[in-house]
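User: I would like to learn how to read a protein model feature by feature. Could you take me through one?
Analyst: Gladly; here is the model we will work from.

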Amino acid sequence: MELTPFMKSLGLKYPIFQGGMAWVADGKLAAAVSNAGGLGIIGAGNAPGDVVEAEIKTAKSLTDRPFGVNVMLLSPYAEDVVKVILAHQDSIAVVTTGAGNPGKYVADFKAAGIKVIPVVGSVALARMMERVGADAVVAEGMESGGHIGKLTTMALVPQVVDAVKIPVIAAGGIGDGRGMAAAFMLGAQGVQMGTRFLVATESKVHPNYKKAVLKAKDASTMVTGDFAGHPSRVLKNKMAKKYIKLEKAEALKDKPDFAELEELGSGSLRRAVIDGDTATGSFMAGEIAGMVHKEQSAAEILQDVYQQADKLLSGKD
Ligand code: TUI
């Protein structure tokens with residue numbers, strides 16, 4: 001498979017991005033993916049600027065290859081994280097954004113020589129991003145783990161490809177070379193995967209979290225947070241079921257108590273990733289968790305996925 005000029009301009013061997021997963025995607029994981037020829041991405045999540053800065057320094061110390069940082073726009077620290085990224089502009093090749101509209105930051109990133117690749121869940125936002133100067137977009141379907149939009153990857157990707165001239169990277173529901181090949185057939189130039197990298201050898205995710213992904217089946221995920229306007233795909237567990245129950249109860253009230261829901265969800269991703277707390281943690285994962293069967297190094301994951309996709313797309317065997 002020939003890399004497109006855009007993917008070549010990022011200095012990649014494989015047109016595969018590692019999703020900027022909050023709490024999970026640290027400097028070490030990002031460097032491992034970048035060293036192996038993909039695009040490693042540090043997930044800022046809700047972390048303050050100094051914490052993100054430390055991860056950028058870690059990645060920089062571990063790789064000479066390009067890597068990126070994901071800005072989670074709902075974070076109270078998003079503005080600080082943007083400042084940190086601009087201060088390290090020489091070492092950061094790409095910024096991706098999630099959970100919002102990064103319009104006001106695009107010009108500053110571009111002026112700093114950083115490529116801006118917003119994650120979008122709709123054609124409208126993709127068009128807007130192209131208009132404000134984004135270099136590419138990640139079109140992410142609701143098969144993804146974590147915060148999601150409403151459309152599926154199969155429906156979203158070709159519609160975004162038709163709507164914009166900038167390159168489109170597909171995300172959501174891609175866990176192996178078949179998914180990658182399918183994304184290319186839909187017009188994508190690259191893919192982004194999160195769930196598959198959750199269980200990478202270099203991922204610091206708690207063993208209980210990795211185990212939960214490895215034993216997941218096709219129907220093991222569910223979507224919480226829809227009622228409060230922040231739908232999030234997670235592995236089914238006690239916490240997710242409790243959250244849904246509370247959401248349903250609040251939805252029946254004239255004046256729903258969003259604070260109570262917020263309190264239940266607060267810190268739950270940290271409890272999953274760091275503590276491996278299967279009772280009160282939110283184990284964010286995509287629908288492809290059911291086909292992730294083994295822990296592998298980032299390099300093995302990239303090679304496996306790419307080789308399978310390449311074979312399928314070239315029509316060999
Ligand atoms: O951002 C993600 N995935 C995430 S962020 C995250 S941390 C979090 N946890 C709980 C609640 C909220 C955040 C965990 N996973 N993916 C990219 C993505 N962006 N998916 C959907 C969107 C999106 C949604 C709405 C992008 C823009 C948008 O609205 C744009 C507007 O016009 O405001």
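**Reading the model**

Analyst: Helix α8 is a good place to begin: its buried residues pack against β1, β8, β9 and α14. This is a predicted model, so local features need pLDDT of at least 70 and side-chain atom pairs count only at pLDDT 80 or more, while totals for chains, interfaces and linings use all residues. Residues are numbered from 1 along each chain as its sequence is written, and side-chain values use heavy atoms, with hydrogens and water left out.

User: Which residues of α8 are buried?
Analyst: Buried means under 20% relative accessible area, exposed means over 50%, and partly exposed lies in between (1.4 Å probe, protein chains only). Helices (H or I, at least four residues) and strands (E, at least two) are DSSP runs, numbered from the N terminus. In α8, the buried residues are G177, G179, M180, A181, A183 and F184. As a general idea, an α-helix has 3.6 residues a turn, so residues three or four places apart point the same way. Just after α8, G187 has a positive phi of about 105°.

User: How do I read the sheet, and what is its strand order?
Analyst: Start with pairing: two strands pair if DSSP finds at least two bridges between them. Here 8 strands make an open sheet with parallel pairing, in the order β1-β9-β8-β6-β5-β4-β3-β2. The edges are β1 (16-18) and β2 (40-43); each has a single partner strand, so one side of each is left without a neighbour in the sheet. From one strand to the next, the twist averages 25°. For one pair in detail, β3 (residues 67-72) and β4 (residues 94-98) run parallel and are joined by 5 bridges. N70 stands opposite T96 in β4.

User: Which strands does helix α2 lie across?
Analyst: Two ideas help: contact means heavy atoms within 4.5 Å, and axes are lines fitted to C-alpha atoms (for helices over the stretch in contact), with angles from 0 to 180 degrees between N-to-C directions. Helix α2 (residues 27-35) lies across β1, β2 and β3 and runs at about 165° to β2. Helix α8 (residues 177-185) also packs on the sheet, where it touches β1, β8 (168-171) and β9 (190-193), and its direction makes about 135° with that of β9.

User: How many salt bridges are there, and what do they tie together?
Analyst: A salt bridge is a side-chain nitrogen of Lys or Arg within 4 Å of a carboxyl oxygen of Asp or Glu. The structure holds 9 of them. In one, the closest N and O atoms of D135 and K110 are 3.9 Å apart. D135 is in the loop between α6 (123-131) and β6 (137-140) and K110 is in helix α5 (residues 103-111), so this pair ties together parts 25 residues apart in sequence. Another joins R233 and E287 (3.4 Å, N to O). R233 belongs to strand β11 (residues 232-235) and E287 to the loop between α13 (268-273) and α14, so the parts tied together are 54 residues apart in sequence.

User: Is R233 buried or exposed?
Analyst: R233 is buried, with a relative accessible area of 4%, whereas E287 counts as partly exposed at 34%.
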